[in-house]
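Visitor: I'd like to learn how to read a few features of this model. Could you walk me through them?

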Amino acid sequence: LDLMKYVAAIMVICIHCNVLFNQPYLNFFIKQIMCRIAVPFFFISSAYFIRKGSDGKPRYVSDYLKRLMKSYWAWSLVFIPIGLDWIHQNLSISSYLLPFALIYGLIHIGTYYHLWYIPALIFSVFFVNKLLKHFSYKYLFILSTVLFMFGSLETYYGLLQNGTFKDFFDLLIQIIFTTRSGLFFGMMFTLMGFYIYDRQEKLKLLLRYVPVLTLISAVLLVIEGTFLYSIERLDMNFLLM
């Protein structure tokens, strides 16, 4: 697992590199297909160990999130100057609105774009933990699937037809910038991590199917990514496979 975390960290770096290979499709394949498994892995593994830590410890999740928030605020302060520079280069915003931009950044996308993962993890862990006290995994998987499918419209943007729904989505993106958040993206994978821990004894019975299912999933992921290669996208955080 530690080795996979190291590999996934390298994958995240590759995603944010401009060009890895001169051949366009190979560059796309590595960055936007293969490396995109990294962030879901981090969500699932983090959620699994948070769930494990909270087993028999009612205050574990709240204490963990408080520690994570302190660390997040510290790093947010470090990146404020870079975030302000990005705003001045990419957005036309009045100086008196900058405090509101800071608050919004802290809550949703980070004071710099790579920090988005932490508020997304905090949000998804908090709400999944709360919702599981009132709803079953079945209903929460249905809810998270609907949210993930809606969020994936930023990946499948080129398939949206002109009309009221596309106008609504365009307006939403202008306000929230991205659907890559704890609500649309993080809940699905956080729920998976919790589920793997809670149902691990039953899931062990399915381990013999993992190799063939992994191969099938990998093939479907490559097909999906290749399909998206020539489609207009706002981003490519969401891959259904």
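Guide: Sure. Let's start with a definition: a residue is called buried when its relative accessible area is under 20%. Bear in mind that this is a predicted model. Take helix α3: 14 of its 17 residues are buried, so the helix is largely enclosed by the rest of the structure.

Visitor: How does the end-to-end span of α3 fit its number of residues?

Guide: The general idea is to allow 1.5 Å times one less than the number of residues. For the 17 residues of α3 that gives 24 Å, and the end C-alpha atoms are 24 Å apart, so the two agree. Following α3 there is Gly56, which has a positive phi near 80°.

Visitor: And what does the span of α9 look like?

Guide: That one falls short. α9 also has 17 residues, yet its end C-alpha atoms are only 21 Å apart, where a straight helix would reach 24 Å.

Visitor: How many of the residues of α9 are buried?

Guide: The count is 12 of 17, so α9 is largely enclosed by the rest of the structure too. Among the buried ones are Phe184, Phe185, Met187, Met188, Phe189 and Tyr197. The cover over the buried residues of α9 includes α3, α6, α7, α8 and α10.

Visitor: Now salt bridges. How many are there in the whole structure?

Guide: To spot one, look for a side-chain nitrogen of Lys or Arg within 4 Å of a carboxyl oxygen of Asp or Glu. A search of the whole structure turns up six. One of them pairs Arg51 with Asp198, at 2.9 Å from N to O. Arg51 sits in α3 and Asp198 in α9, so this bridge ties together parts that are 147 residues apart in sequence.

Visitor: Are Arg51 and Asp198 buried or exposed?

Guide: They fall into separate classes. Arg51 has 17% relative accessibility, so it counts as buried; Asp198, at 30%, counts as partly exposed.

Visitor: Which other bridge links distant parts of the chain?

Guide: Try Arg36 and Asp235, whose side chains meet at 3.8 Å, N to O. Arg36 is in the loop between α2 and α3, while Asp235 belongs to the segment after α11, 199 residues apart. Arg36 is buried at 12% relative accessibility, and Asp235 is partly exposed at 29%. Glu201 and Lys204 make another bridge, with their closest N and O atoms 3.4 Å apart. Here Glu201 is exposed at 56% and Lys204 partly exposed at 47%.

Visitor: Back to α3 for a moment. What does the side chain of Ser54 reach?

Guide: For a polar contact, you want N or O atoms within 3.5 Å. The Ser54 side chain reaches the backbone oxygen of Arg51 at 2.9 Å. Ser54 lies in α3 and is buried, at 15% relative accessibility. Leaving aside residues up to four places away in sequence, Ser54 touches Tyr60 and Val61.

Visitor: Last one: how many disulfides does a search of the whole structure find?

Guide: A disulfide is a covalent bond between the sulfur atoms of two cysteines. The search finds zero here. The closest cysteine sulfur to that of Cys17 is in Cys14, 5.6 Å away, which is too far for a bond. Cys35 is in no disulfide either, with the nearest cysteine sulfur, that of Cys14, 4.6 Å away. As for exposure, Cys17 is partly exposed at 27%, whereas Cys35 is buried at 2%.

Key: Residues are numbered from 1 along each chain as its sequence is written. This is a predicted model: local features need pLDDT of at least 70, side-chain atom pairs count only at pLDDT 80 or more; totals for chains, interfaces and linings use all residues. Side-chain values use heavy atoms; hydrogens and water are left out. Helices (H or I, at least four residues) and strands (E, at least two) are DSSP runs, numbered from the N terminus. Buried means under 20% relative accessible area, exposed over 50%, partly exposed in between (1.4 Å probe, protein chains only). A polar contact is a pair of N or O atoms within 3.5 Å; within protein, one must be able to donate a hydrogen and the other to accept it, and residues adjacent in sequence count only if both atoms are side-chain atoms. Contact means heavy atoms within 4.5 Å. A disulfide is a pair of cysteine sulfur atoms within 2.5 Å.
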